[in-house]
Amino acid sequence: MNGDIEKIMISEEQIAVKVKELGGILAEEYRDKNPLLICVLKGAIIFMADLIRQMDIRCEMDFMAVSSYGSGTESSGMVRILKDLDTSVQDRHVIVVEDIMDSGLTLSRLVELLRHREAASVKVVTLLNKPDRRKVEITPDYSGYDIPDEFVVGYGLDYAENYRNLPYIGVLKPEVYAK
Ligand code: PRP
Ligand code: MN
Ligand code: MG
């Protein structure tokens, strides 16, 4: 185990089981709809890569990078698009793929934007959900695990851009962020 990790919250094996389950549900739901899966960079990249390989249907993927915090202030009311989609979402069935829903700001703005662009439908799948931290009213359509309000890293999630490559979800030792 990585020396900066205090404990493993969700193991590699547990993640694999959950991702397979979610992939199966989505495949069932979106068969013959050619859904467009949107990976929210960068955190969702690992989940996205594993999830689509558990979806045995025709589907497409695209990538987006957003910041919901504008320049400093919390709810700017807008998503700032750092990297936009290459694909038009108009009349497409869109699945937004996230690693974690925390305050919910990123996803609520993003869903709003995709609806505004006239997607046929917009749903959200997140591997992790922290309901206690929610600041806007939004619930994921599909969610892997509800987790307590602890700072987690791994499987795409970072602390200061590190630890995304850990194959499990872990809790950082407090002294790591005291540095
Ligand atoms: C993290 C995470 C989600 C978002 C959740 O991304 O990956 O995208 O925050 O937070 P929210 O529900 O409070 O909006 P981050 O902005 O750290 O970018 P990253 O994915 O590149 O790490
Ligand atoms: Mn993110
Ligand atoms: Mg981050």
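**Exercise 1. Work out how strand 9 is placed in its sheet, starting from V153, which stands opposite G170 of strand 9.**

Solution. The model is a predicted one.

Step 1. Take the pair V153 and G170, the latter in strand 9. Strand 8 covers residues 152–153, and strand 9 covers residues 169–172.

Step 2. Count the links between these strands. Strands 8 and 9 are joined by two bridges and run antiparallel. Pairing requires at least two bridges, so strands 8 and 9 count as paired.

Step 3. Place the pair in the whole sheet. The sheet is open, has three strands in the order 1-9-8, and is antiparallel in its pairing. Its edges are strand 1 (5–10) and strand 8, each of which pairs on one side only.

**Exercise 2. Describe the largest pocket by its volume, its lining and the elements that supply the lining.**

Solution.

Step 1. The volume of the largest pocket is about 770 Å³. Its lining consists of 29 residues, and those closest to the pocket centre are E98, D99, I100, T106 and D158.

Step 2. Sort the lining by class: 13 residues are nonpolar, six are polar and 10 are charged.

Step 3. Assign the lining to elements. At least two residues come from each of strand 2 (36–41), strand 3 (60–67), strand 5 (93–101) and helix 3 (105–116). Strand 5 contributes the most, four residues.

**Exercise 3. Identify the surroundings of ligand 1 and list polar contacts to its oxygen atoms.**

Solution.

Step 1. Ligand 1 is surrounded by 15 residues, with E98, D99, S103, G104 and T106 as the closest.

Step 2. Take the side chains. From E98, a polar side-chain atom is 2.5 Å from a ligand oxygen. An N or O atom in the side chain of S103 also lies 2.5 Å from an oxygen atom of ligand 1.

Step 3. Add the backbone. For K42, a backbone N or O atom is 3.0 Å from an oxygen of the ligand.

Step 4. Consider coverage. On its own, ligand 1 has 500 Å² of accessible area, of which the protein covers 76%.

**Exercise 4. Characterise the second largest pocket and find the element that gives the most to its lining.**

Solution.

Step 1. The second largest pocket has a volume of about 150 Å³.

Step 2. Its lining includes E12, I15, A16 and V19, together with Y155 and R164. By class, the lining has seven nonpolar, two polar and three charged residues.

Step 3. Helix 1 (12–30) and helix 2 (45–52) each supply at least two of the lining residues. Helix 1 gives the most, with four.

Key:
Residues are numbered from 1 along each chain as its sequence is written. Chains are lettered from A and ligands numbered from 1 in the order in which they are written. This is a predicted model: local features need pLDDT of at least 70, side-chain atom pairs count only at pLDDT 80 or more; totals for chains, interfaces and linings use all residues. Side-chain values use heavy atoms; hydrogens and water are left out. On a 1 Å grid over the protein atoms alone, a cavity is a set of points where a 1.4 Å probe fits but cannot get out, and a pocket is an open set with protein on both sides within 12 Å along at least five of seven lines; lining residues have an atom within 4 Å of a point. Grid points are joined across faces, edges and corners, and a volume is the space filled by probe spheres set on the points. Ala, Val, Leu, Ile, Met, Phe, Trp, Tyr, Cys and Pro count as nonpolar, Asp, Glu, Lys and Arg as charged, and the others, Gly among them, as polar. A residue is near a molecule or strand if one of its heavy atoms lies within 4 Å of it. A polar contact is a pair of N or O atoms within 3.5 Å; within protein, one must be able to donate a hydrogen and the other to accept it, and residues adjacent in sequence count only if both atoms are side-chain atoms. Accessible areas come from the Shrake-Rupley method with a 1.4 Å probe; for residues, only the protein chains shown count as cover.
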